[in-house]
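Here is a short guided walk for anyone meeting this protein for the first time. Keep the sequence and the 3D view open as you read.

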Amino acid sequence: MKPRLVSFSKNINELAVIQPEVFYDARGENVETFDASEYKQLFSSVPIKEFNEGLEFIVDSLSFSRRNVLRGFHGDTCTWKLVQCLQGEIQLGVIDLRKDSPSYMDQETFYINDKNRLQVLIPKGCINAHLALSESCLFSYKLTHKYVPHSEQITLKWNDPVSQINWATNKPILSQRDS
């Protein structure tokens with residue numbers, strides 16, 4: 001099963017949307033969410049220098065949330081992320097905070113769910129947040145570096161004036177860190 005590049009973001013440099021191939025039959029569906037050799041081949045055809053030089057995903061992480069839980073904005077300057085919603089639906093917000101990027105301070109929103117199966121490749125230096133839109137959701141992210149401690153992360157409050165993300169709720173459920 002081969003993934004395909006759906007598009008590059010119109011707003012954020014190097015941010016890509018990927019569609020894994022889904023096999024459907026009478027029993028349900030089968031989705032291969034990652035195959036290192038297939039993604040290496042996919043990234044070799046796109047202008048993302050770091051992946052062409054051998055950058056690899058080394059950590060998988062899952063986040064389970066209930067409706068209206070908003071996690072983030074978090075990120076760091078060394079980690080690329082490949083994110084997807086395995087179960088349920090989320091609203092994903094991404095902000096480019098790379099000062100040397102042509103898309104510095106640009107933002108984009110995506111709606112990702114277990115039906116469209118979209119994946120978003122988020123460049124290092126960009127921060128992301130996600131809001132659970134369904135009763136429950138399972139958010140997955142692959143990282144190119146080990147989890148960076150909170151003290152070394154770039155964070156932004158969900159409703160900071162810098163953010164132009166129009167969240168689907170005005171009263172999200174937040175952690176103390178994200179409040």
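## The second largest pocket

Helix H1, which covers residues 36–44, gives four residues to the lining of the second largest pocket, the most of any contributor. This is a predicted model, and in it the pocket holds about 200 Å³ of space.

Which residues line this pocket? They are Phe 34, Ala 36, Tyr 39, Lys 40, Phe 43, Phe 51, Gly 54, Leu 55, Glu 56 and Phe 57. Sorted by class, the lining has seven nonpolar residues, one polar residue and two charged ones.

## The largest pocket

Now turn to the largest pocket, with about 420 Å³ of space. It is lined by 26 residues, and those closest to its centre are Arg 71, His 74, Tyr 141, Tyr 147 and Arg 177. Strand E6 (70–75), strand E11 (126–132) and strand E12 are the elements that each give two or more residues to this lining.

Which element gives the largest share of the lining? That is E6, with five residues. By class, the lining of the largest pocket has ten nonpolar, ten polar and six charged residues.

## Arg 177, a residue by the pocket centre

Arg 177 is one of the residues closest to the centre of the largest pocket. To find it along the chain, look in the segment after strand E13 (154–155). Is Arg 177 buried, partly exposed or exposed? Its relative accessibility is 30%, so it counts as partly exposed, since that class lies between the 20% and 50% cut-offs.

Leaving out neighbours within four places in sequence, Arg 177 is in contact with His 74, Tyr 147, His 150, Gln 153 and Thr 155. Two of these partners can be described further. The side chains of Arg 177 and Gln 153 are joined by a polar contact of 2.5 Å. His 150 is 27 residues away from Arg 177 in sequence, and their C-alpha atoms are 9.4 Å apart in space.

## An open sheet of five strands

E6 and E11, met above as parts of the pocket lining, also belong to an open sheet of five strands. Reading across it, the order is E9-E8-E11-E6-E13, and the pairing is antiparallel. E9 and E13 are the edge strands, as each of them pairs on one side only.

Inside this sheet, strand E8 (residues 89–96) and E11 run antiparallel and are joined by seven bridges. If you would like a place to start looking, Gly 93 stands opposite Ala 129 in E11.

## Asn 113, on an edge strand

Asn 113 lies in strand E9, which spans residues 107–113, and E9 is one of the two edge strands of the sheet. Is Asn 113 buried or exposed? It counts as buried because its relative accessibility is 13%, and the cut-off for buried is under 20%.

The side chain of Asn 113 reaches the backbone nitrogen of Lys 115 at 2.7 Å. Setting aside residues up to four places away in sequence, Asn 113 touches Cys 85, Gly 88 and Glu 89.

## Strand E7 and its two partners

Cys 85, touched by Asn 113, falls within strand E7, residues 81–87. How many of the seven residues of E7 are buried? Five are, and the strand is mostly covered.

E7 pairs in the antiparallel sense with strand E10 (residues 119–122) over four bridges. Here the bridge partner of Leu 82 is Leu 121 in E10. E7 also pairs with strand E12 (residues 136–143), again in the antiparallel sense, this time over six bridges. In that pairing, Gln 84 stands opposite Ser 140 in E12.

## Strand E2, covered on both faces

E10 has a further antiparallel link: three bridges join it to E2. Leu 121 appears here too, as the bridge partner in E10 of Ala 16. E2 is joined to strand E1 (residues 4–8) as well, by four bridges and in an antiparallel run, with Leu 5 opposite Ile 18 in E2.

Strand E2 spans residues 16–19, and both of its faces are covered. Ala 16 and Ile 18 are buried on one side, and Val 17 and Gln 19 are buried on the other.

Key: Residues are numbered from 1 along each chain as its sequence is written. This is a predicted model: local features need pLDDT of at least 70, side-chain atom pairs count only at pLDDT 80 or more; totals for chains, interfaces and linings use all residues. Side-chain values use heavy atoms; hydrogens and water are left out. Buried means under 20% relative accessible area, exposed over 50%, partly exposed in between (1.4 Å probe, protein chains only). A polar contact is a pair of N or O atoms within 3.5 Å; within protein, one must be able to donate a hydrogen and the other to accept it, and residues adjacent in sequence count only if both atoms are side-chain atoms. Contact means heavy atoms within 4.5 Å. Two strands pair if DSSP finds at least two bridges between them. On a 1 Å grid over the protein atoms alone, a cavity is a set of points where a 1.4 Å probe fits but cannot get out, and a pocket is an open set with protein on both sides within 12 Å along at least five of seven lines; lining residues have an atom within 4 Å of a point. Grid points are joined across faces, edges and corners, and a volume is the space filled by probe spheres set on the points. Ala, Val, Leu, Ile, Met, Phe, Trp, Tyr, Cys and Pro count as nonpolar, Asp, Glu, Lys and Arg as charged, and the others, Gly among them, as polar.
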